[in-house]
Amino acid sequence: MEMNQDEIKLLVDRYLNGTCSEEEARIVNSHFNKIMAETPDIEPLANLSKRKRRVGRNLGIDLSKKSRIRSFYYISIAAALLLIFSGWWFFKWSDSGEVHNTLTMQREDVAPGSSGATLTFSDGRKIVLDSTRAGAIIGKSLTYNDGSPIIGSDVLPANGTIPIVAATDKGQTYTFILPDGSKVWLNADSKLTFPSRFAANERRVSLEGEGYFEINEQRIRNKDNRYTKLPFIVSSQGQEVKVTGTKFNIAAYRNEKVIKTTLLEGGVLVNGQLLKPGQQGSLSATGDLKIEEADVMQAIGWQQGDFIFRGETLEEVFCTVARWYNVEVRYQRNDARYITVGGTVSRSRSIRAVLDLMERTGKVTFKVSDNVITVM
């Protein structure tokens with residue numbers, strides 16, 4: 001989106017005065033959040049104050065009297081708009097050293113992922129879901145979690161059923177409510193295949209990647225005229241998880257050595273073996289299933305918005321990190337792959353915060369250039 005100096009000034013004025021439209025407010029907030037995600041570390045107060053006074057002068061915003069009382073947050077939005085919409089104008093009003101530092105910071109950091117996903121139907125049609133919303137509901141029609149319709153939802157047949165593939169790219173996550181009311185959070189670079197309607201006697205989906213499930217318990221009448229729980233089955237690369245009503249996480253990425261199923265509530269059968277709450281089943285490529293006590297918080301950290309590392313190697317850590325930030329990782333030293341790290345970092349932070357955590361080991365440093373991380 002390109003805007004000239006006058007358009008930016010008017011947009012910021014309307015935002016500060018509370019007279020902008022909902023769409024204009026969404027534009028301002030979206031770009032401001034992007035800047036804050038890429039530059040999470042706060043400047044010294046004196047420098048911040050000086051910069052904001054300069055931005056205020058450049059925008060024609062009166063910082064005296066009532067405006068001076070406003071939170072620095074609002075003037076930060078003006079700075080963010082300048083950076084995103086009209087870099088050339090920011091160059092004009094800023095000293096060259098400060099601009100150079102800003103551009104360097106942007107090249108040496110990577111913003112976190114965000115909401116986003118695609119629905120693909122059996123006839124090849126695709127719907128790119130709105131990234132400003134966090135979830136979609138697949139029922140008789142397709143809607144977002146706020147109830148608004150999804151454009152193109154007429155693809156669902158009035159009768160019968162068709163397969164649907166919900167997929168996230170690297171740097172994306174999304175939430176889906178399935179036709180039976182079960183809820184699935186898809187992590188980055190993941191794919192869930194399910195029918196537009198479940199069969200009367202079975203609910204079956206397939207997962208590639210990672211998903212956190214909260215299964216809606218359902219009952220059916222059996223031959224003895226008694227009600228039994230209707231199974232929900234998740235298939236992943238030679239693994240079958242059978243559940244009735246429960247909460248669990250499955251990590252089944254093709255480029256990882258094991259499939260991990262972590263149970264929070266209820267009970268599940270992993271290839272016929274029972275998992276109890278607080279346990280994790282690890283299925284190797286050879287088909288061996290190991291059941292042990294789980295670090296549940298670590299397993300679902302991504303769904304709660306955190307990276308949680310407990311002594312993993314850099315190579316293991318970067319499998320997760322690279323998917324979320326959509327970066328390429330290169331190693332100058334092969335032995336660096338086996339350095340272990342631990343700690344917790346919010347997934348809403350830029351990648352620099354994650355790299356800083358790993359650099360605290362004193363055994364490794366990183367170079368960031370665009371979307372390439374070089375391990376040194």
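In this predicted model, Phe 176 touches a run of residues that are distant from it along the chain: Ala 117, Leu 119, Leu 129, Ala 136, Ile 138, Ala 166, Ser 182, Lys 183, Val 184 and Leu 186, with residues up to four places away in sequence left out of the tally. Phe 176 is also one of the best connected members of the largest nonpolar core, which has 41 residues. Leu 129, Phe 213 and Phe 248 join Phe 176 as the residues with the most contacts inside that core. A second core, separate from this one, holds 27 residues, including Ala 188, Phe 307, Val 317 and Ala 322. In soluble globular proteins, nonpolar side chains tend to be buried together.

Stepping back to the whole protein, the secondary structure comprises 11 helices and 25 strands. Of the 376 residues, 44% are buried. Taking contacts between residues at least 6 apart in sequence, 54% join residues at least 24 apart.

Two buried hydroxyl residues make a pleasant pair to follow in the viewer. Thr 168 is found in strand β6, which spans residues 163-168. Its relative accessibility is 3%, and Thr 168 therefore counts as buried, the cut-off being under 20%. The side chain of Thr 168 has a polar atom 2.6 Å from the backbone oxygen of Asn 187, and a polar atom of this side chain also lies 3.3 Å from the backbone nitrogen of Asp 189. Beyond four places in sequence, Thr 168 touches Gly 116, Ala 117, Thr 173, Tyr 174, Leu 186, Asn 187, Ala 188, Asp 189 and Ser 190.

The last residue in that list, Ser 190, belongs to strand β9 (residues 190-195). Ser 190 is buried because its relative accessibility is 2%. The backbone oxygen of Asn 187 comes up again here, as the side chain of Ser 190 reaches it at 3.1 Å. In addition, the Ser 190 side chain reaches the backbone nitrogen of Glu 210 at 2.9 Å. Contacts of Ser 190, again excluding residues up to four places away, are with Ala 166, Ala 167, Thr 168, Glu 208, Gly 209, Glu 210 and Tyr 253.

Several of these names return in the description of internal space. The structure holds two cavities of 30 Å³ or more, and the second largest cavity contains about 40 Å³. Its lining consists of Asn 187, Ala 188, Glu 210, Tyr 253, Thr 320, Arg 323, Trp 324 and Arg 347. Among these, Asn 187 is the residue whose backbone oxygen is contacted by Thr 168 and by Ser 190, while Ala 188 is a member of the second nonpolar core. Helix α10, residues 314-325, contributes the most to the lining of this cavity, with three residues. Sorted by class, the lining has three nonpolar, two polar and three charged residues.

The largest pocket has a volume of about 880 Å³. Its lining is formed by 30 residues, and those nearest the pocket centre are Glu 256, Lys 260, Glu 312, Glu 316 and Thr 320. The elements supplying two or more lining residues are strands β15 (247-252), β16 (258-265) and β21 (306-313), together with helices α8 (296-299), α9 (301-304) and α10. Strand β21 gives the most, with seven residues. The lining divides into 10 nonpolar, nine polar and 11 charged residues. Thr 320 is listed both among the residues nearest the centre of this pocket and in the lining of the second largest cavity.

A few loop residues complete the picture. Asp 295 lies in the loop between β20 (289-293) and α8, and is partly exposed, with a relative accessible area of 30%. The side chain of Asp 295 reaches the backbone nitrogen of Gln 298 at 3.1 Å. Asp 295 is also 8.3 Å from Gln 279, C-alpha to C-alpha, with 16 residues separating the two in sequence.

Backbone geometry adds two further entries. Most residues other than glycine have a negative phi. Gln 237, however, has a positive phi near 45°; it sits in the loop between β13 (232-236) and β14 (239-243) and, at 37% relative accessibility, counts as partly exposed. Asn 271 likewise has a positive phi, of about 50°. The loop that holds Asn 271 runs between β17 (268-270) and β18 (273-275), and Asn 271 counts as partly exposed at 36% relative accessibility.

Definitions and conventions: Residues numbered from 1 in each chain as written. Predicted model: local features only at pLDDT ≥ 70, side-chain atom pairs only at ≥ 80, totals over all residues. Heavy atoms only, no water. 1 Å grid on protein atoms, 1.4 Å probe; cavity = no way out; pocket = protein on both sides within 12 Å on 5 of 7 lines; lining within 4 Å. Points joined across faces, edges and corners; volume = space filled by probe spheres on them. Helix = DSSP H or I, 4+ residues; strand = E, 2+ residues; numbered from the N terminus. Nonpolar A, V, L, I, M, F, W, Y, C, P; charged D, E, K, R; others polar. Buried < 20%, exposed > 50% of the residue type's maximum accessible area, 1.4 Å probe, protein only. Polar contact = N/O pair within 3.5 Å; in protein donor to acceptor, adjacent residues only side chain to side chain. Contact = heavy atoms within 4.5 Å. Core = buried A, V, L, I, M, F, W, Y, C linked by side-chain atoms within 4.5 Å.
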